[in-house]
Amino acid sequence: MKFLALVDCDNFYASCERVFRPDLKEVPIVVLSNNDGCVIARSKEAKAMGIKMGVPWFQVKEAYLSQGGKVFSSNFALYGDLSKRVMNILDGMVKRIEIYSIDEAFLDLEHISNLDHAHEFGIYCRNIIKQWVGIPVRIGIAPTKTLTKVASHIAKKKNGDAGVFCLSNQGHIAHILKALPIREVWGIGHNLSKHLNQLGIYSAYELMKTDIRFIRKKFGVVLERTVRELRGESCIQIEDKIEPKKQIVVSRSFKERIDSLESLKPLISNFAVRAGEKLRHEKQKCSKVSIFISTSRFNKQLHHRGFNTFHFPYPVDDTRSILMGADRALNIIFKKGYPYAKAGVLLSQFSHPTFIQHSLFDSKSQDQLKQDTNLMQAIDALNSSQTQIYYASQLSLGESPIQKKMVSPRYTTNWWELPTTK
DNA sequence: TCTGGGGTCCTAGGACCC
DNA sequence: TCTGGGGTCCTAGGACCC
């Protein structure tokens, strides 16, 4: 039998905050989104206090803090670095690994054919990661990706267990799926689960037993794959090659509402500059830049969402072009009198930079294009060091519209913020 | 008063062509 | 000018994920 494993870090952001703060062992921890808006991670203790995922911070703040809970703004420099360390360890243990998200990876256990050995391997992995990085993980082992997700879900529920759960024989799988609501199945979100419930399908077991042609006809190929995977038929492969991105998004909610074009422009410029950096980092060029702006979802009276795309005549990776396109698109969608709460820049339709399609009307010579590339490289190099340089249209330093009041030190990625001992 | 950010895939429908 | 089917390409929108 062939096994896959899903390695999933427990309460990842909260666990990261704990790595350099042993004093916070067993203390409730929550981590907040940008602007300290809502809760995006909770430690086991915070969950036990009834703090829900995604809940607005202001709603729970008082009660939570008064009970001794600890809170952090998100510190992605730290989380990203600790994630890399975990993934590096896993990468050294198997031939094929798919890093699925910042805190999850699928492993191909092709070297293991025996269930007991798979279980032992899981425990070994878990101990090594705990010892070397300090992050607790749980591991689900099963014949398909969807079933490893189920196994990992069970491992989470079974507190005090080894944190490793294997799911292999049909009888055992059926038994587990009977007690699993479809909403918990990977690939079944809020809408699908409502729809399926209306058809009388509530448990993962009932879904698994539903006629596959009916599923395909009524819901399409995506759900069909899920059902097959629940039956133990592997349909979703491990993607161990890193595919180039197909789009890049930079977006933020604002601390305060913005209703003037003059205030919005520098913010959009900031997003566009950041998007350009990401694009060059990916070694891509884009043919489209889109801008979106929207009022708060919760403001029912003054509601407006704008979206517009600027098409470049040929693929670009030059920030100055992106800024120009972004500005044009923004001018088209902006409407006066609306309190905008969020905006973003989206780059898409990528092509590799060595592929240069010349425009009929483009008069730039090879030398000029080369100069542009050099300029961008120079700016990127400066900005990744201590020095920062800005485009005129960007917001000046010190006026960051994003609020982060309770961020922890970047212990592992910044020389000035290394942990110290007394 | 205050409600995240960054992705992917699939499908339906329109434009255009023969 | 109208008639008709079928194919491709593109886009917007909806669903999902962490």
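S168 is buried in this predicted model, with a relative accessible area of 12%; buried means under 20% relative accessible area, exposed over 50% and partly exposed in between (1.4 Å probe, protein chains only). S168 sits in the loop that joins strand 8 to helix 7 (170–178). Helices (H or I, at least four residues) and strands (E, at least two) are DSSP runs, numbered from the N terminus. Neighbours within four places in sequence aside, S168 is in contact with M1, F3, L115 and I173, where contact means heavy atoms within 4.5 Å.

The model is predicted, with pLDDT of at least 70 needed for local features and 80 or more for side-chain atom pairs, while totals for chains, interfaces and linings use all residues. Residues are numbered from 1 along each chain as its sequence is written, chains are lettered from A and ligands numbered from 1 in the order in which they are written, and side-chain values use heavy atoms, with hydrogens and water left out.

**Domains and cores**

The domain assignment of chain A gives domain 1 (3–9 + 87–230) and domain 2 (247–383); such bounds come from an automatic or database domain assignment. Taken over C-alpha atoms, the centres of domain 1 and domain 2 are 38 Å apart.

The largest nonpolar core has 39 residues, and those with the most contacts inside it are F12, L90, L107, L109, I135, I139 and I141. A nonpolar core is a set of buried Ala, Val, Leu, Ile, Met, Phe, Trp, Tyr and Cys residues joined through side-chain atoms within 4.5 Å. Among the elements that each supply at least two residues of this core are strand 1, helix 1, strand 6 (104–108), helix 5 (115–132) and strand 7 (137–142). Helix 4 provides the largest share of this core, seven residues. Beyond residues up to four places away in sequence, L107 touches L4, A5, V7, L90, V94, R96, I97, F121 and I238. Another core, of 36 residues, lies apart from the largest one and includes C286, I293, I379 and Y391.

**L279 and K285**

L279 belongs to helix 12 (residues 261–281) and is buried, at 0% relative accessibility. Leaving aside neighbours within four places in sequence, the contacts of L279 include I248, C286, V316, L347 and F350, and K285 is also one of them. The C-alpha atoms of L279 and T319 are 9.5 Å apart, with their positions 40 residues apart along the chain.

K285 is found in strand 10 (residues 285–295). K285 is buried as well, with a relative accessible area of 15%. Between the C-alpha atoms of K285 and L347, which are 62 residues apart along the chain, the separation is 9.1 Å.

**Two loop residues with positive phi**

N11 has a phi near 40°, a positive value in a residue other than glycine. N11 lies in the loop between strand 1 (4–9) and helix 1 (12–19) and is partly exposed, with a relative accessible area of 21%. For E26, phi is near 70°, again positive in a residue other than glycine. E26 is placed in the loop between helix 1 and strand 2 (29–32) and is exposed, with a relative accessible area of 59%.

**The DNA strands**

DNA strand B has 22 residues around it, of which S33, K246, V249, S251 and S253 come nearest. A residue is near a molecule or strand if one of its heavy atoms lies within 4 Å of it. Of the atoms of DNA strand B within 4 Å of the protein, 73% are sugar and phosphate. Strand 9 gives the most to this surface, with eight residues.

DNA strand C is surrounded by 16 residues, the closest being S101, D103, K149, G187 and L192. Here sugar and phosphate account for 100% of the strand atoms that come within 4 Å of the protein. Helix 8 gives the most to the surface near DNA strand C, with three residues.

The table lists polar contacts, each a pair of N or O atoms within 3.5 Å (within protein, one must be able to donate a hydrogen and the other to accept it, and residues adjacent in sequence count only if both atoms are side-chain atoms).

| Residue, atom | DNA atom | Distance |
|---|---|---|
| R225, side-chain N or O | strand B, phosphate oxygen | 3.1 Å |
| R252, polar side-chain atom | strand B, phosphate oxygen | 2.8 Å |
| R297, polar side-chain atom | strand B, phosphate oxygen | 3.1 Å |
| D103, polar side-chain atom | strand C, sugar or linking oxygen | 2.9 Å |
| G187, polar backbone atom | strand C, phosphate oxygen | 2.9 Å |
| L192, polar backbone atom | strand C, phosphate oxygen | 2.8 Å |
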